[in-house]
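Subject: Handover of a structure and the findings from it

Dear colleague,

Please find below the structure that I am passing on to you. I would be grateful if you would keep it open while you read the notes that follow it.

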Amino acid sequence: AGAAGAALGPDSPESYPYFTHHVRDLYYKYIDQVASTCKAKCLDEFYSSRTVYWMLSEYSDKRMPLDRSDQDDARQAVVDMATELFVELRQRILSNVLLKCYNFFLVPLQTSLWTELQGKVTTLSDKSLEQLFHLNETSSRLEMTERRAQERLQKLTAQDQLFVDAAAQYAHPVTWARLKKEYAAATAAADG
C-alpha cells in the first residue's frame with residue numbers, strides 16, 4: 001500500500017485506504033439504518049391488509065346472488081369479489097409501498113446523507129485522524145517528495161545557468177546604446 005500510495009499522490013483518495021474504508025463503512029451503516037426504517041414503514045402496509053374491506057360488498061356493482069340454491073353462481077360471485085378485492089389491495093399496497101420507499105429511503109439519502117457523513121467525519125479525534133491517514137507514513141512520503149522536488153529544482157537551476165552562460169558566448173545581446181553607437185559610427189563613416 002505504501003508504494004502504491006506514493007505513486008498515486010497525496011491528493012488521491014486511493015492514497016488513504018483506511019480513511020476511504022472508514023467513510024465507506026459510515027455510508028453503508030447509514031444506508032442500512034435508512035433501509036431498516038423504510039422496511040418497517042413498508043411492513044405497516046401489510047399489517048393493515050388484514051382488515052376486511054366491507055365496502056366491496058356495499059359499493060360494488062357485483063352483488064351476491066339472491067338465489068341460494070345455485071351454488072355455482074354464488075361461488076363465481078365470491079371468486080369475482082375476491083379477485084376484485086385482491087386487485088384493489090395489491091394496487092393500494094403497491095402504491096403506498098412505493099411512496100414510502102420514496103419518502104423514507106430516497107428522500108433521506110438526498111437530504112441528510114451528506115450531513116450525516118460530514119458530521120461523523122468532522123467529529124473524529126486527532127488520534128483517529130492520525131490513524132486513518134497514517135500521519136507518520138504520509139509525512140515521510142511528503143518529505144521524500146519535497147526532497148526530490150528540491151533536488152530537481154537545483155538540477156534545473158544549474159542547467160538554466162549553464163544555458164545562460166552558453167547563450168552569452170554565442171550571441172551578443174543587442175542594446176539600445178549599442179545600436180545608437182553603431183549608427184553614429186556608420187553615419188560618420190558615410191559623411192567622412
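Let us begin with a contact between two charged side chains: Arg141 and Glu137 are joined by a salt bridge, with 3.6 Å from N to O. Please bear in mind throughout that this is a predicted model. Both residues belong to helix H7, which covers residues 135-170. Arg141 and Glu137 are four residues apart, about one turn of the helix. The two partners may also be described by their accessibility. Arg141 has a relative accessibility of 10% and therefore counts as buried. Glu137, with a relative accessible area of 35%, is partly exposed.

Salt bridges that share partners also create one network, and its members are Glu45, Arg92 and Lys100.

How many salt bridges does a search of the whole structure find? The search finds six. One that deserves your attention is formed by Lys100 and Glu45, whose closest N and O atoms are 3.1 Å apart. Lys100 lies in helix H4 (residues 71-111) and Glu45 in helix H2, so this pair ties together parts that are 55 residues apart in sequence. Are these two residues buried or exposed? Lys100 is buried, and so is Glu45.

A further salt bridge links Arg75 with Asp72, and here the closest N and O atoms are 3.7 Å apart. Both residues lie in helix H4 and are three residues apart, about one turn of the helix. Arg75 and Asp72 are both exposed.

I turn next to the cysteines. A disulfide is a covalent bond between the sulfur atoms of two cysteines. How many disulfides does a search of the whole structure find? The search finds zero. Cys38 takes part in no disulfide, and the nearest cysteine sulfur, that of Cys101, is 4.0 Å away. Cys101 is likewise in no disulfide; for Cys101 the nearest cysteine sulfur is that of Cys42, 3.9 Å away. To count as a disulfide, two cysteine sulfur atoms must be within 2.5 Å, which is why a distance is given for each residue. As for their surroundings, Cys38 is buried at a relative accessible area of 6%, while Cys101 is partly exposed at 30%.

The aromatic residues come next. A search of the whole structure finds one aromatic pair. The pair consists of Tyr27 and Tyr28, and its geometry is tilted: the ring centres are 5.5 Å apart, and the planes make an angle of 55 degrees. Tyr27 has a relative accessibility of 33% and so counts as partly exposed. Tyr28 is also partly exposed, with a relative accessible area of 47%.

Finally, please look at the surface. Which residues make a nonpolar surface patch of about 300 Å²? They are Leu43, Phe46 and Tyr47. Phe46 lies in helix H2, which runs over residues 17-47. Its relative accessibility is 43%, so Phe46 counts as partly exposed. Helix H2 is also the helix that holds Glu45, the partner of Lys100 described above.

When you go through the model yourself, I suggest that you find Arg141 and Glu137 in helix H7, then Lys100 in helix H4 and Glu45 in helix H2, and then the pair of Tyr27 and Tyr28.

Yours sincerely,
A colleague

Methods: Residues numbered from 1 in each chain as written. Predicted model: local features only at pLDDT ≥ 70, side-chain atom pairs only at ≥ 80, totals over all residues. Heavy atoms only, no water. Buried < 20%, exposed > 50% of the residue type's maximum accessible area, 1.4 Å probe, protein only. Patch = residues over 30% accessible without salt bridge, like charges linked within 9 Å, V, L, I, M, F, W, Y side chains within 5 Å. Areas by Shrake-Rupley, 256 points an atom, 1.4 Å probe, with all protein chains shown as cover. Salt bridge = Lys/Arg side-chain N within 4 Å of Asp/Glu carboxyl O. Helix = DSSP H or I, 4+ residues; strand = E, 2+ residues; numbered from the N terminus. Phe/Tyr/Trp six-rings, centres within 6.5 Å; stacked < 30°, edge-to-face > 60°.
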